[in-house]
Amino acid sequence: MSQQFSLTIKSYLRALLDPWQGALLLLGVLLSLPVVVIFTSWIYPQSELWQHLMTTVLQDYVVNSLLLACGVGVGSLLIGTTVAYVISRYDFTGRKLFRWLTLLPLAMPAYIIAYTYTGILDFSGPVQTLLRDTFGWGYGDYTFPDIRSLTGAIIVMSLVLYPYVYMLARTAFSEQPISLVEASQTMGISKFGYLTRVSLPLARPALFTGTALAMMEALADYGTVQYFGVSTFTTGIFRTWFGLGNGIAAAQLSSLLCSFVLIVLLFEKWSRRHIKYYHQGQNHKVQKRKQLSGGWAVFVFILCLLPPLLGFIVPVIQLLYWTWLTLQQNIDVQFIELIINSFGLALSAAIIVVMLALLFSYTRRIKNSKVINSLEQAVSLGYAIPGTVIAVGVLVPLSWADNTANLISESWFDTTVGLIFSGTLFALLLAYSIRFLSVAIHNVEAGLSRITPDMDNAARSLGAPPKRVLKEIHIPLLKTSVLSAALLVFVDVLKELPATLILRPFNFNTLAVRSFELASDERLVDAATPALAIVLVGLLPVILITHAIDKTIKGKS
Amino acid sequence: MLSLKKRLIAASVTLAAALSFTGSVSAEEVNVYSARKEALIKPLLDKFSAETGIEVNLVTGDADALISRMNSEGKFSPADVLITTDVGRLVRAKQQGLTRIVVSDTLEQAIPAQLRDDENQWFSLTMRARPIMYSPERVDPEQLSTMEALTDAEWKGRICIRSSSNIYNQSMVAAMIQQTGEEDTLKWANGLVKNFARPPKGGDRDQIKAVVSGQCDIAIANTYYLAGMLNSADDSEKNIASQVKVFWPNQDDRGAHINVSGAALAKHAPNSDNAVKLLEYMVREDAQAWYAKTNHEYPVRDGVEWSETLKQFGTFKAEEIPLHRVGELNAEAVKVMDKAGWK
C-alpha cells in the first residue's frame with residue numbers, strides 16, 4: 001500500500017516536472033478547487049447538526065436523490081436509445097424532420113418545462129377543466145395524477161434530458177458498418193438478436209455516457225425539485241445553508257452528493273472495463289436504412305413524435321400563449337440586450353470549455369498518464385455540484401486573489417484595481433468551465449475512442465508529421481463529437497441559473513436570470529417571454545449542429 | 001501549434017484587459033446588491049438616477065448568495081447597499097459584520113423604531129402580511145380566529161401552505177417562537193402538519209389556487225401574491241383570486257404576522273454618501289407609494305396611500321416584535337419544522 005502510495009507521489013512529481021503536464025496539472029487544480037473546498041469542510045465536524053439531519057430529513061434526501069437519478073437515467077436511456085435506433089436504421093415518412101425535432105427538448109430548461117406542465121395539468125389548467133366540463137365532474141369526483149411529485153419530476157426531466165443519450169447513440173448506431181449485419185446473418189443471428197447481441201453492446205459506451213450525463217444533471221437539478229416539493233440533496237443543501245445558516249454542513253452535504261456522482265462515473269468506467277471500442281476504420285460501408293411502410297411506418301412515426309411533442313412542442317405552445325398575453329410589457333430594448341448577453345456568454349463558454357476538454361483528452365491520449373487520468377476524474381465531478389455551491393467555491397479563491405492584487409496595487413501604486421477576477425465575467429466563465437467541463441470531456445473522449453491508435457501509428461509510419469495526422473485524420477473524425485460537446489455546453493450555459501445569479505457582474509442580466517426571477521416570484525405568465533427566448537436562442541445551434549452531424553454521417557456512407 | 005498557443009495567450013490577455021475595464025469607477029454612482037427581483041426594484045432605481053444624476057449599478061440574486069459574495073469580497077467589495085426581502089438576512093449580514101451604522105434623521109423619522117435595527121444598521125422599506133385566506137363557499141369566517149386554532153381537529157385535511165424551505169414560513173415560525181416559546185411552537189407545528197390537505201408544494205399562489213380548486217379550504221399566503229393575482233394579465237388567475245377572501249388572524253391578541261423587506265449600508269461601501277441618499281429616497285412618500293401600487297406591499301411610513309386591492313383586504317392589527325429576533329431564531333424555526341415533518 002505504502003509502496004503504491006509513494007509510486008503515486010512519484011508520478012505526480014514527474015508530471016509536475018514535465019512542463020506540459022505540469023501546466024495542465026495546475027489548470028486541473030484550479031478547476032477542481034470547488035470540489036476541494038467542499039471536501040475540506042469535513043475538517044470542521046458539525047455533529048449536532050448532523051444528529052438533527054439524520055433523525056429528521058436525511059433519509060428523504062438520500063432516497064429521493066437516488067430514485068430521481070435512477071429514474072431519469074432509465075427514462076432517458078429508453079427514450080434516447082429507441083429514437084436513435086429507429087432513426088439510424090429505418091427510412092420512413094418524417095424521418096428527416098425527426099432527426100432534428102428529437103433534439104429540440106435540449107433547448108428546454110427542466111425548471112421551465114416543470115412550470116409549464118404544472119400550468120397545463122393543474123386543477124385549474126386546461127386539461128382538468130376540459131375533463132370536468134366534458135363529464136360534469138367536480139373536485140373529488142375523479143383522481144388525477146399530481147405532476148408535482150417525484151414521478152412527475154422523473155418524467156419531465158427525462159423528457160428534456162433524453163437528447164444526451166440520443167445524440168451519442170445516433171452517432172454510434174450510424175457508424176456501425178454493414179459488415180456487422182452481414183457477419184451476423186451468416187452466423188444465423190436473428191434481427192432481434194442482432195439488436196440485442198451486436199448493435200446495442202457495441203453502442204454501449206455511448207449509451208452509458210449519455211445516461212451518466214443525464215443522471216448527473218438530475219442529481220444537480222434544483223429548480224424542478226424545488227418547485228415540485230421533492231426533498232433531494234440539492235434542496236437540502238440550500239435549506240441547510242440558508243435556512244439553518246450552516247455553510248459548513250451544507251458543504252458536507254455537497255460532498256456526499258459529489259460521492260454519488262463519483263459512483264455514477266465509476267459505474268460508467270466499470271461498464272466498459274475490458275472493452276476498447278476502436279472502430280476498424282471509418283471507410284467501411286455503413287448500413288443502408290430499411291424502408292418502412294404501412295402500419296410500421298405509422299407506429300415508428302408516433303414513437304418518434306411523442307418525445308419532442310411532450311418535451312418541446314406542448315410546453316412551447318403554452319409558453320407562446322402566455323407570451324401573447326404579456327407581449328407588450330416584456331419586449332423592449334433591455335430584452336434585446338438580454339438576448340445578446342445570453343448568447344455571447346454561452347458562446348464564449350462553449351468555446352473555452354471545448355478547448356479545455358480537447359487539451360485534457362489529448363494529453364491523456366498522448367501521455368497516457370495516471371495523473372492526467374485522475375485529474376480528468378476530478379474535474380468531471382463539477383457537473384453534479386449544484387451551481388450555487390460551485391459559485392461559492394469559485395468566489396472564495398477568486399476573492400482571495402482579488403484582495404491580494406488590490407493590496408499589492410494599493411501599496412505599490414497607491415490605487416486599487418477593483419475586483420478583476422471575482423467581479424467580472426472571468427468568474428462566470430470559470431464557474432461554467434468547472435460545471436460543464438465534464439459534458440465536453442465525455443463527448444470528446446467518446447469521439448477520440450473511435451480513432452484507433454493504429455490509425456495514428458499507420459499514418460506516422462508512413463511519414464505523416466503529427467500536424468498532418470491531426471488535420472487529416474483527427475479533425476474530420478472528431479468534428480461531430482466536438483460539435484456535440486460545444487452544443488451541449490452552449491445550451492447548458494444558456495439555461496444555467498444559480499452560478500450566473502451569484503457571480504454575474506453589475507448590470508449584467510441573462511434570459512435565464514430574468515425568467516427565473518419572474519417565475520420564482522410566481523409570475524409564470526410574465527416569465528414566459530424570456531423562457532421562450534432561451535428556447536429560441538438555444539434552437540439555433542441545435543439546428544446548425546444537427547446539420548453538421550448529418551453531413552459527417554452522410555459523408556461516410 | 002505554437003502559433004495557436006501564442007494566439008491564445010494574446011487573446012486571453014486582451015480579454016483580461018477588456019474585463020478589467022468593466023470594473024472601472026465613474027464619478028457619481030452607487031452599487032446595489034439586491035435580493036429584490038430586478039422587476040421590483042429597477043424602476044425605482046431608475047427614477048432615483050433621473051432625479052439625482054447618480055448612476056445605480058445593480059446586481060440581483062439570492063440574499064444569502066449576495067451576503068457570501070460580500071463576505072468573500074471583503075475590504076474591496078464594491079457593494080454600497082444590500083437590499084433583502086426578509087429581516088433574517090439583514091440580521092445575518094449585521095452579525096457577519098457586513099453592515100454599518102447609518103446616521104440619518106430622515107430615515108429615523110420615516111421608519112418606526114420597531115421596523116429598524118436598534119443601532120440603525122438596517123431599515124425596513126416595506127411590509128408584507130401573511131394572513132389566512134379562505135374559500136367563502138366552504139368556510140364561515142366565524143369559524144376562524146387565531147393561527148393556533150388551525151390545529152383543531154375540524155381543520156383536518158383542509159389546510160394548504162407551502163414548503164418549510166420558504167423564508168416566509170421560516171420567519172412566521174421564528175416570530176411564533178419569539179412570542180409563544182419553542183415548545184408551544186413545536187406543538188402548533190405538529191398540529192398544523194396533521195391538518196395539511198397535501199404535502200407542501202409550489203409557491204404561495206399555488207396554495208391560493210388549491211383553495212379554489214377544492215383541494216383545501218384555507219391557505220396561508222402573503223397578501224401581495226393574492227394582490228398580484230387579482231391584477232394579473234391572465235384572466236383565469238384573476239378569476240381564481242377573486243374566489244378567496246382574506247382573514248386577519250389573532251386580532252384579539254398579538255396580531256397578524258408580518259415580514260419586511262429592507263436595506264442596509266455595506267461596511268466597506270465606497271460610495272456611502274450616495275448610498276444613504278438612495279436609502280432616504282426609498283422611504284420618501286412617492287417611493288413608498290410606488291411600492292404599494294406596483295407590488296401591493298404595505299408602506300413603512302404613515303400617511304402613504306395603499307393600492308385599491310390592499311384597501312379591499314382591510315386594515316388589521318400587526319404583530320409588534322423586535323424584528324431582529326426573527327432573524328436570530330431562523331435556524332430554530334427550521335429545526336422545529338423539520339421535527340414536525342413539515343416538508
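## A tour from the sheet of chain B to the helices of chain A

Start in strand 9 of chain B: there B:Ala264 is the bridge partner of B:Leu82. This is a predicted model.

**Stop 1: strand 3 of chain B.** Select residues 81-84 of chain B, which form strand 3. Look at the side chains. B:Val81 and B:Ile83 point one way. B:Leu82 and B:Thr84 point the other way. Are these residues buried or exposed? All four are buried.

**Stop 2: the neighbours of strand 3.** Now add residues 258-265 of chain B, which are strand 9. Strand 3 and strand 9 of chain B run antiparallel, and four bridges pair them. Next add strand 1 of chain B, residues 29-34. How does strand 1 of chain B run relative to strand 3 of chain B, parallel or antiparallel? The two strands run parallel, joined by three bridges. One pair to pick out is B:Tyr33 and B:Leu82, the latter being the bridge partner in strand 3 of chain B. B:Leu82 thus appears twice on this tour: it partners B:Tyr33 and also B:Ala264.

Strands of a sheet pair through backbone hydrogen bonds, and the pairing is either parallel or antiparallel.

**Stop 3: the whole sheet.** Show the six strands of this open sheet in chain B. Their order is 2-1-3-9-4-10, and the pairing is mixed. Which strands lie at the edges? They are strand 2 and strand 10 of chain B, each of which pairs on one side only. Strand 10 of chain B covers residues 298-299. Its partner is strand 4 of chain B, residues 122-129. These two strands run antiparallel and share two bridges. Select B:Met127 and B:Tyr298 to see one bridge pair, with B:Tyr298 in strand 10 of chain B.

**Stop 4: B:Asn239.** Leave the sheet and select B:Asn239, which sits in helix 10 of chain B. B:Asn239 has 14 C-beta neighbours inside 10 Å, so it counts as partly exposed. Draw a distance to B:Leu125. The C-alpha atoms of B:Asn239 and B:Leu125 are 31 Å apart, and 114 residues separate the two in sequence.

**Stop 5: where the chains meet.** Show both chains and colour the contact. How many residues does each chain give? Chain B gives 54 residues and chain A gives 55 residues. On the chain B side, the elements that give two or more residues include helix 1 (2-22), strand 2 (55-60), helix 3 (63-73) and helix 10 (235-241). Helix 8 (204-213), helix 9 (223-230) and helix 15 (330-339) of chain B are also among them. By class, this side of chain B has 15 nonpolar, 22 polar and 17 charged residues.

**Stop 6: chain A as a whole.** Hide chain B. Chain A has 24 helices and two strands. Its radius of gyration is 25 Å, close to the 24 Å that the globule rule gives for 557 residues, so chain A is as compact as a globular protein of that length. The C-alpha trace of chain A spans about 75 × 75 × 50 Å along its principal axes. Of its 557 residues, 50% count as buried. Among contacts in chain A between residues at least 6 apart in sequence, 84% join residues at least 24 apart.

**Stop 7: a helix pair in chain A.** Finish with helix 16 (residues 333-367) and helix 23 (residues 511-520) of chain A. Their axes are 8 Å apart, and the packing angle is about 120°. Helix 16 and helix 23 of chain A are therefore oblique to each other. Which residues meet here? From helix 16 of chain A come A:Leu338, A:Ile339 and A:Ser342. From helix 23 of chain A come A:Leu511, A:Ala512 and A:Arg514. This contact has four nonpolar residues, one polar and one charged.

Notes
Residues numbered from 1 in each chain as written. Chains lettered and ligands numbered in written order. Predicted model: local features only at pLDDT ≥ 70, side-chain atom pairs only at ≥ 80, totals over all residues. Contact = placed C-beta atoms within 7 Å. Nonpolar A, V, L, I, M, F, W, Y, C, P; charged D, E, K, R; others polar. Rg over C-alpha atoms; globule rule 2.2 N^0.38 Å. Buried ≥ 20, exposed ≤ 12 C-beta atoms within 10 Å, placed from the backbone. Axes fitted to C-alpha atoms, helices over the stretch in contact; angles between N-to-C directions. Parallel < 35°, antiparallel > 145°, perpendicular 65-115°, else oblique. Pairing = 2+ DSSP bridges.
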